[in-house]
Amino acid sequence: MRKFALLTSGGDAPGMNAAIRSVTRSLLFYENEVIGIRRGYEGLLDEDFLPMSRSSVGGILLHGGTILKTARSPQFMCEEGINKAVENLKKYDIDGLVVIGGDGTFRGAEELHNRGVSVIGIPATIDNDIFGTDATIGFDTACNTALECISKLRDTASSHERMFIVEVMGRDSGFLALETGVACGAEYVVLPEKDFNINDLCDKVNISKLKGKTHSIVVLAEGAMSANELRDILKKNNCVYTPKVVVLGYLQRGGVPTCFDTVLASKLGVNAVTLLLADKSGLMVGIDGGKVVSMPMELARSNTKKLNKDMLTLIDILSI
Ligand code: F6P
């Protein structure tokens, strides 16, 4: 019987538990021993290990967060830390590892792979900023959470004839803002990937007001600037509205995963295990046009996923 471990690392994302369940149960299905590592790479260093059975992952499928806990571990990301992690895996006779997380998680996984550890990555982050997969686990749920919040804001924006700037997460990328912006019918989106032009934004809302629109929603990606900064710029530029600011923040990281994220996590978990059991390593599983694919984590990390600029055109056309 072989022994494999799994961990979640970096920012949590709805659907991580579904991925934990999928990896654990498929490893058990093929008669392997499974160890859950708590608190990501931090727990790998501290030997915070938990034997996993079929029932340890019972009832977690639709729970947000991660039962294994997560952390960002600066201690791990140095020569000494990585070597200690390799030692600990050897000490417990662990034959391979599945890591569930985003870019930082894969950076760590690559270091382990380069030192001979068998490791497969599953992309899970609300940011959706991983090259090589159409979607990351958690992105769809985060978009739906943002959408629900913005639809409530639209009620009050409409009643009071106000403008709202809604800041969403996404770190340095605008996937969450763009997807949410289209879905909520935003008048404008501000993204790190797009040059910001204040005249463009002011013209858009001022003209729309002249045409009879009485309120406005601007979705702002946190990576472009802060909502307060944008409000101050709008004030200085004589925007017809005095905008209200809402920062959605960590709300987007929690909640029941959507059907899409749960199914995605279930598929990616089983496929990650298939690769691990076939003695593959250094790969990330992903989804491409509905099909499960895999590619070297190094390739996924060294490429930048591009925004679909057609979505910006959609906003221009639909927000007249
Ligand atoms: O990567 C996920 C994410 O939620 C980003 O959108 C955000 O910028 C960041 O994590 C926040 O990180 P932390 O949890 O360390 O504050």
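## Ligand site and cysteines

A polar side-chain atom of Asp127 is placed 2.7 Å from an oxygen atom of the ligand. The structure is a predicted model, and the distances and areas reported here are computed from it. Two further side chains approach ligand oxygen atoms through N or O atoms: that of Tyr250, at 2.4 Å, and that of Arg253, at 2.8 Å. On its own the ligand has 400 Å² of accessible area, of which the protein covers 77%. The three contacts are set out below.

| Residue | Side-chain atom | Ligand atom | Distance |
|---|---|---|---|
| Asp127 | polar atom | oxygen | 2.7 Å |
| Tyr250 | N or O | oxygen | 2.4 Å |
| Arg253 | N or O | oxygen | 2.8 Å |

The ligand occupies the largest pocket. Around the ligand stand Arg72, Thr125, Ile126, Asp127, Met169, Gly170, Arg171, Glu222, Tyr250 and Arg253. By class, this shell comprises 5 charged, 3 nonpolar and 2 polar residues. Asp127, Tyr250 and Arg253 thus appear both in the shell and in the table of contacts.

The cysteines form a separate topic. The structure holds 0 disulfides. A disulfide is a covalent bond that joins the sulfur atoms of two cysteines. Why is Cys143 without such a bond? The closest cysteine sulfur, in Cys184, lies 11 Å from the sulfur of Cys143, so the separation is too far for a bond. Cys143 counts as buried because its relative accessibility is 9%, a value under the 20% limit.

Cys202 likewise takes part in no disulfide: the nearest cysteine sulfur, belonging to Cys239, is 5.1 Å away, whereas a disulfide requires sulfur atoms within 2.5 Å. Is Cys202 buried or exposed? With a relative accessible area of 5%, Cys202 is buried.

Terms used. Residues numbered from 1 in each chain as written. Predicted model: local features only at pLDDT ≥ 70, side-chain atom pairs only at ≥ 80, totals over all residues. Heavy atoms only, no water. Near = heavy atom within 4 Å. Polar contact = N/O pair within 3.5 Å; in protein donor to acceptor, adjacent residues only side chain to side chain. Areas by Shrake-Rupley, 256 points an atom, 1.4 Å probe, with all protein chains shown as cover. 1 Å grid on protein atoms, 1.4 Å probe; cavity = no way out; pocket = protein on both sides within 12 Å on 5 of 7 lines; lining within 4 Å. Sits in = over half its atoms within 2 Å of the grid points. Nonpolar A, V, L, I, M, F, W, Y, C, P; charged D, E, K, R; others polar. Buried < 20%, exposed > 50% of the residue type's maximum accessible area, 1.4 Å probe, protein only.
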